[in-house]
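Thanks for coming. I will take one strand and its hairpin to begin with, and then move outwards from there.

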Amino acid sequence: MSTAASPPDRRHPTAPADGPAVHDPAAAGRSDATGPLLSVRNLTVRFRRQGEEDFVAVDDVSFDVRAGQTVGLVGESGCGKSVTSLAIMGLLPKRGNTVTGRVDFEGIDLLSLSPRQLRDRRGRDIAMIFQDPLSSLNPVVPIGVQVSEVIERHVGLSRAKARPQARELLSKVGIPDPDRRLSEYPHQLSGGMRQRALIAMALACRPRLLIADEPTTALDVTIQAQILALLKELVQDSGTALVMITHDLGVVAGLCDRVNVLYGGRIVERADRHELFATPRHPYTNGLLASIPRLDAPRGQRLSPVPGSVADNIPWDHACAFAPRCDRPVAACREVTPELVTDEAAPSAPGGLPRALRCHHPVEPGQESR
Amino acid sequence: MARYIVRRLIQMVGVVLVLSVLLFAWLRSLPGGPVSALLGERATPETRAALEAELGLDQPLWMQYVKFLSRAASGNFGPSTGVLPGTDALKIFLDRLPATIELSLFAMIIAVALAIPLGYLAARRRGSALDTSSIVVSLIGVAVPVFFLAFLLKYVFAIELHWLPVSGRQSGGLDATRVTGFFVLDGLITREWDAALDALAHLVLPAVALATIPFAVIFRITRASVLEVLDEDYVRTAEAKGLTNRVIRGRHVLRNAMLPVVTTIGLQIGALLAGAVLTERVFSFGGIGEALALSFEQRDYAVLQVLILAAAAIYVLVNLIVDVLYAVIDPRVRTR
Amino acid sequence: MNDPRPHPRGGLGARKKERIDSLARAGARRDDAPDTEVASAGTVDDRAGVSLVASAWRRLRRNVVFLAGATIVVLFVILALVAPLVAPHDPSAGLLLSQVRQQTNPIPGPQPGFPLGGDQAGRDLLSRLLVGSRQTLYVGVFATLGGLIGGLTLGTLAGAFGGWIDSLVMRVVDVMLSIPSLLMAFSIAAIAARPSQWTVILAIAIVQVPIFARLLRGSMLAQRHSDHVLAARALGVKPAPIVFRHMLPNALGPVIVQATLVVATAIIDAAALSFLGLGNPDDRVPEWGQMLGAAQTYLAGYPHLAFYPAACIIVVALGFTLMGESLREALDPKSRR
């Protein structure tokens with residue numbers, strides 16, 4: 001597993017991913033056995049549009065997830081994080097888009113699998129939970145059936161045999177009175193309960209990778225914290241790797257080991273959680289951090305949101321897509337596409353993985369806006 | 001669930017009561033008033049006076065209404081004046097009811113059996129030739145007057161090609177035993193296979209004509225409903241669980257998509273009743289539809305009263321059944 | 001769950017009503033349907049803030065189905081306007097009457113000057129078809145207008161004021177909906193002592209009243225609790241301007257869709273009424289439904305007599321249906337993609 005596996009036509013010499021990075025000579029010799037659980041390489045998703053150019057939702061994205069690791073994909077809506085997760089799962093609509101690159105899961109490229117082979121892995125090896133628990137549950141099928149159908153499918157148990165397991169799962173995710181809940185319908189559960197039920201379904205077959213797409217966005221703040229704590233606990237207990245997709249840096253702070261910040265379909269910064277929060281290097285990351293309300297901030301100090309919206313994006317060719325919204329642009333930002341390179345200048349924890357950055361004029365340590 | 005049904009039944013009684021008020025008002029507004037309506041224009045002054053006294057037309061309006069109600073409740077709507085002069089109107093209705101039920105049922109089976117699979121396929125293959133052509137057919141289906149379609153079918157398949165019988169429910173030469181009044185069923189019960197087959201042959205053309213509009217409507221609602229469900233998050237969840245296509249299709253797509261379809265099928269009973277009036281007239285089918293058509297033509301108000309009240313009651317009852325059925329398949333209604 | 005409709009589910013045909021109501025809500029969702037989907041997909045939306053009507057029109061312009069329907073409708077209306085000028089003969093004059101023999105030949109065939117031949121009264125069939133478009137248009141438009149005005153009045157009353165007015169109006173509407181609509185039209189037409197074109201129009205119009213009323217009320221109710229109405233109320237705008245300036249315009253989308261579709265059903269239903277002998281007995285001024293109804297007697301020997309008016313009805317009904325359905329799709333915020 002090295003970057004040589006990616007198509008040679010990509011501009012990859014400076015596109016590192018975690019683990020086998022180009023600047024890590026040891027990576028070349030690594031075998032699949034010790035490699036990452038999930039390795040996304042040069043993933044690109046294009047949507048065809050009538051009468052217009054293709055829209056590139058995910059642009060040359062590469063990142064790794066190791067067994068048991070929690071990796072965040074962070075960015076505002078429209079940055080391509082959800083599309084990335086759907087592409088990994090093979091859940092994008094069958095028509096109207098093209099996916100290129102590689103998504104190696106335990107050494108097998110998921111994108112090359114037949115729909116049937118992919119189906120065998122979904123729910124068993126890789127599971128996913130979604131943003132809105134109400135609409136993600138079938139309204140006319142009892143919760144018990146929706147949990148046990150995963151077990152029936154992948155373990156091959158009968159409905160009767162799968163039911164005790166479903167019960168067990170419900171109680172494990174903290175649903176009280178699971179016996180009664182098994183025969184209830186989604187509308188009879190509270191929002192938090194529904195998300196717990198979805199988590200139970202996702203973890204039913206002890207998957208090695210769980211992708212959580214904004215799992216707390218639709219919930220009340222108090223419930224959010226409970227669900228995050230539950231996810232953290234379950235992931236740690238079972239050794240499941242977690243890809244956490246969120247726009248909320250608070251979620252990242254509580255959960256993720258490693259963070260990929262996405263903007264305009266590309267990764268703009270990658271770092272371990274602690275380093276990212278301590279020394280954000282990309283102006284976008286910096287802006288996101290500065291827009292979090294802080295209790296220790298002086299009274300009367302204004303929050304500083306990132307100005308503009310995704311709609312202000314400019315294409316990545318011959319420019320930085322973030323330039324129109326950036327608070328520290330230089331001339332190059334409008335002329336040269338920045339590449340994702342190993343960020344040598346940034347302080348990195350001893351023994352930690354190298355950071356990566358896509359910026360012409362990064363924030364220097366000590367200059368962070370707070 | 002039981003409470004739900006009871007509540008709906010009580011509501012239904014209320015509706016039928018209001019309907020009776022409407023019918024009473026309708027009767028009073030007929031040209032010549034209820035007496036001419038019941039006896040026809042040719043009644044002698046003596047019989048007119050006798051009926052006027054019996055109906056109590058000199059009494060206050062609310063008394064008249066109570067009288068009307070009690071007469072209606074006892075099934076006394078007076079004798080027919082046009083369709084089958086002298087025969088009790090209620091008897092005409094009861095005699096002819098099986099024919100219409102048989103025809104409507106057959107038409108509904110044709111419509112549902114074609115519309116639901118086609119609607120599902122059209123939605124799954126949105127934009128395909130199958131999808132486009134089914135939509136075109138269903139749009140034309142609602143644009144063609146039912147009775148003209150019946151004429152057309154009769155002209156082509158019965159008059160010109162002689163493939164199927166021109167009219168009626170049974171060929172004249174057949175001496176079939178009558179048990180239930182449902183001719184196909186009778187033939188099956190008595191093992192008179194030729195009679196059953198003959199009755200079935202008589203059903204085909206009117207049933208196809210009658211089925212067009214329900215087909216078109218059910219097809220479109222199925223297609224739209226499946227399209228909507230395919231877009232739902234829970235279908236994506238089912239995909240993410242790696243479930244087999246069979247389970248996703250059956251448990252997650254169709255079970256949800258069928259909810260509005262069930263309702264629509266119930267509503268189409270109304271279209272069937274109205275369509276039966278036209279279709280049965282064209283094929284002289286001998287059901288209540290034909291009786292209604294004849295009573296409209298001949299202004300036979302005694303028969304009209306029974307038939308309209310019965311049609312409304314059937315429609316209300318069928319929709320009650322559909323709503324209960326809906327509650328059975330939709331837990332969100334059932335467990336509220 | 002967050003259903004804004006306080007009206008309890010139930011009564012008969014509850015589902016029919018809900019279907020109408022949901023259609024109403026779909027059209028009223030105008031103020032909370034920004035282009036979020038487009039924006040979240042990351043595209044640059046250069047048309048942000050376009051109203052639903054404008055965006056619907058933009059998509060309709062390129063919609064083949066809509067254009068086909070609209071073409072038929074426009075041609076039909078033009079024909080109805082100019083028909084008396086282009087008709088070769090007087091449609092009510094029995095010019096070929098001398099050829100009509102009750103026993104041997106009731107229908108005069110095509111001949112020079114009469115390309116389609118005559119009808120049972122020796123009148124020029126082509127002229128009757130051409131001029132018949134005008135009465136057919138009248139029936140379709142006036143029946144729809146009648147139903148619309150009745151429904152508008154009831155629905156606005158119920159939806160704008162709520163309370164007991166709402167309950168009363170909706171009870172009546174519910175009962176009317178509990179009778180199969182075409183049967184109700186037949187029954188109303190049967191009351192008429194002297195049937196005429198107007199009794200036909202009236203019978204069809206009355207049947208449409210409850211449907212329009214429910215549609216409007218549903219839309220009004222959905223809006224009564226929406227932000228733009230609350231804002232207007234908070235600003236002290238009087239009830240009448242709120243209803244007419246703020247609520248009614250937003251409710252019009254689904255009403256226009258329904259009205260377009262009703263024109264088609266009205267024309268078809270008028271034919272059914274004529275077929276049952278409940279139509280206009282005076283056939284001097286031709287109307288397609290009436291021509292089709294009258295042609296049944298001669299079907300076995302002279303099917304063309306039924307075929308021509310039927311074809312006209314089918315094409316025109318199809319035109320209005322195509323237009324209505326594509327309008328519905330264009331106005332539905334859900335399908336804005």
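**A hairpin and what surrounds it**

Start at the turn: β9 and β10 of chain A form a hairpin with 2 residues between the strands, and in it A:Gly264 takes a positive phi near 55 degrees. Please keep in mind that this is a predicted model.

The two strands of that hairpin, β9(A) and β10(A), run antiparallel and are joined by 6 bridges. β10(A) covers residues 266–272. One bridge pair to look for is A:Arg258 with A:Asp272 in β10(A).

β9(A) also pairs with strand β3 of chain A, residues 70–74. Here the sense is parallel, over 4 bridges. A:Arg258 turns up again on this side, where A:Val71 stands opposite it.

So is β9(A) buried or exposed? The strand covers residues 258–263, and 6 of the 6 are buried, so β9(A) is largely enclosed by the rest of the structure. In a regular strand, side chains alternate between the two faces of the sheet. For β9(A), one side carries A:Arg258, A:Asn260 and A:Leu262, and the other carries A:Val259, A:Val261 and A:Tyr263. Both faces are covered, with all of these residues buried.

For context, chain A has 370 residues, of which 47% count as buried. It contains 10 helices and 12 strands. Take the contacts in chain A between residues at least 6 apart in sequence: 64% of them join residues at least 24 apart.

Next, a second piece of chain A. Four strands, in the order β2-β1-β4-β5, form an open sheet with antiparallel pairing. Which strands stand at the edges? They are β2 (55–65) and β5 (108–109); each has a single partner strand, so one side of each is left without a neighbour in the sheet. The partner of β2(A) is β1(A), residues 38–47, and 7 bridges join the two. Among the residues involved, A:Ser39 has A:Asp64 in β2(A) as its bridge partner.

Last, away from chain A, the interface of chains B and C. It puts 40 residues of chain C in contact with 46 residues of chain B. On the chain C side, the elements giving two or more residues are α1 (14–28), α7 (181–191), α10 (239–275) and α12 (304–331). Which of them gives the most? That is α12(C), with 8 residues. By class, the side of chain C that touches chain B has 29 nonpolar, 9 polar and 2 charged residues.

That is where I will stop.

How values were computed: Residues numbered from 1 in each chain as written. Chains lettered and ligands numbered in written order. Predicted model: local features only at pLDDT ≥ 70, side-chain atom pairs only at ≥ 80, totals over all residues. Buried ≥ 20, exposed ≤ 12 C-beta atoms within 10 Å, placed from the backbone. Pairing = 2+ DSSP bridges. Contact = placed C-beta atoms within 7 Å. Nonpolar A, V, L, I, M, F, W, Y, C, P; charged D, E, K, R; others polar.
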